[in-house]
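Biologist: Please show the model, and let us then discuss it by question and answer.

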Amino acid sequence: MNGWSKKDLLGLEELDKKEIELILETASSFKEISTREVKKVPTLRGKTIVLFFFEPSTRTRSSFELAAKRLSADTLSIATSSSSIVKGETLKDTFMNIEAMQVDVIILRHSASGAAHMLSKCIAPSVINAGDGCHEHPTQGLLDIFTIQEKIGSVKGLKVSIIGDILHSRVARSNIWGLNKLGAEVTVCGPKTLIPRDIEKMGVNVTTDLSKALKGADAINILRIQRERQKAGMFPSLREYALYFGVTKEKLDKFAKPDVLIMHPGPMNRGVEITPDVADSSYSVILEQVTNGIAVRMAVLYLVSQAGLQEQ
Amino acid sequence: MTLKEKSKLMDAQMIKRTLMRISHEILERNKGTKDLAIIGIRCRGAYLAQRIAEFICEIDGQTKSVPVGILDITLYRDDLTMIASCPIVHSTKIEFDINDKKLVLVDDVLFSGRTIRCALDELVDLGRPKNIQLAVLVDRGHRELPIRADYVGKNVPTTLKESVEVRLHEVDNADEVVLMAQGKDKRK
């Protein structure tokens, strides 16, 4: 036994430190495969992996699909607009039908928090949460931690600041769970209206002053302003947000450590939460995050499908 | 049923002499070190590969070392769907181009031949070597695939109930090869 027994990956909240470390360790072994001329290993040959994305996605979806293909699994991608969901079929019915087609892993993105949890209770195949509402996005959290670890070394004792719309961010929640379990000190920063009440109970520092979040941080994770979730008027204007919370070269030079890591889960709103000179600077590891995402997702697919076999 | 130590097949001195002899044979067969590279299979094959590469340089009086790579075959195993727990994946580290190289694959024990099958599949995915040769410290028989070794340290006839354990000081604090069998430990 190597310490992995979960058939699903629903969030980092449910994982313990050892399990997170195992995924990260496995991911570092998988990273080499994507640098080969033949970017493929036969490990998941004959397995079927279904990607079901109820929300738009470029990175996560292509990353999962490439990860599955590099492990030789067969993939099936279903978009909501062309599925029978539009005819009124429920989520549960849809997936019981997919399950009846003998698939092994289902990767789900859904706008409702808890969708993946609900699904995992109804069906036998492994379920991987690729983002559920404002709840969790575990593989993003893992790849962020993987990137920090790869760049700096151990995460333990590091100061990580997460800046932006914490309220709607599943990326923030997965990062907080994961980083806290590995012993990092997390600070969240954003306009008061976008910081959920009682977030301190997750074990983070809270500030509404960007300079405080930048000062002393080893890594800064800048979240996207989710325009699609901003209809309620949580802040007066994008311009005002950019003025107070946008990360610019000047603010970094003034407050941050010279070797700070700048991360962003994408897609970026250049000129809002991050200026182009920061996004393209030498601090930025944004594209490395994307590269690492494939290795992390390969590790997750490998581990959950092996655990799925044990249960059968 | 737990396995107990039955007899010692090789000690540190003998392992050293055997690896030295295999290194000589490799040099003889390949007429020197040109295009030669050594690939060890994780985990103990990797240490043996390193030792063989050092002996080769020592024998040949070369200052330029023979490239050594490490192969992790976990992802190529044919029994992943059958074993109860999923094995930990370690990384393959081959930091040179294997195209047109003469590769010597090194493992500790040759048994069913399935590990070697995995290794061959993986090497072919990494490039097109000129040829692949196989060196093992112990050949214990019972092949399940048509695979044989080019360089054998010691042939040990075994029964299927026995097993051969190679211990190397890099991981096991000792250099020895022991035959394990069910039943009483003779040493105690």
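Modeller: A definition comes first: helices (H or I, at least four residues) and strands (E, at least two) are DSSP runs, numbered from the N terminus. The model before us is predicted.

Biologist: Where in chain A is Q102(A) found?

Modeller: Phi of Q102(A) is near 55°, a positive value in a residue other than glycine. Most residues other than glycine have a negative phi. As for its place in chain A, Q102(A) is found in the loop between α3 (91-99) and β3 (105-110).

Biologist: Does Q102(A) count as buried or exposed?

Modeller: A residue is exposed if 12 or fewer other C-beta atoms lie within 10 Å of its own. Q102(A) has 8 C-beta neighbours inside 10 Å, so Q102(A) counts as exposed.

Biologist: How many other C-beta atoms lie within 10 Å of S72(A)?

Modeller: S72(A) lies in the loop between α2 (59-70) and β2 (74-79) of chain A, and its phi, near 70°, is positive although the residue is not glycine. The residue is partly exposed, a class that lies between buried, at 20 or more, and exposed, at 12 or fewer. For S72(A), the number of other C-beta atoms within 10 Å is 15.

Biologist: Which residue does a cis peptide bond join to R42(B)?

Modeller: Most peptide bonds are trans. Here the bond is cis, with omega about -5°. The partner is found in the loop between β2 (36-41) and α2 (44-60) of chain B. The residue joined to R42(B) is C43(B).

Biologist: What is omega for the peptide bond from G266(A) to P267(A)?

Modeller: P267(A) lies in the loop between β9 (261-263) and α10 (276-279) of chain A. The bond from G266(A) to P267(A) is cis, with omega near -10°.

Biologist: Which strands stand at the edges of the open sheet in chain B?

Modeller: Three strands form this sheet in the order β1-β8-β7, with antiparallel pairing. Two of them have a single partner strand each, so one side of each is left without a neighbour in the sheet. The edge strands of chain B are β1 (3-10) and β7 (163-167).

Biologist: What is the bridge partner of V166(B) in β8(B)?

Modeller: β7(B) and β8(B), residues 176-182, pair in the antiparallel sense over five bridges. In β8(B), the bridge partner of V166(B) is V177(B).

Biologist: How many residues of chain A are in contact with chain B?

Modeller: Chain B contributes 17 residues to the contact. These divide into nine nonpolar, six polar and two charged. On the side of chain A, the number of residues in contact is 20.

Conventions:
Residues numbered from 1 in each chain as written. Chains lettered and ligands numbered in written order. Predicted model: local features only at pLDDT ≥ 70, side-chain atom pairs only at ≥ 80, totals over all residues. Contact = placed C-beta atoms within 7 Å. Nonpolar A, V, L, I, M, F, W, Y, C, P; charged D, E, K, R; others polar. Pairing = 2+ DSSP bridges.
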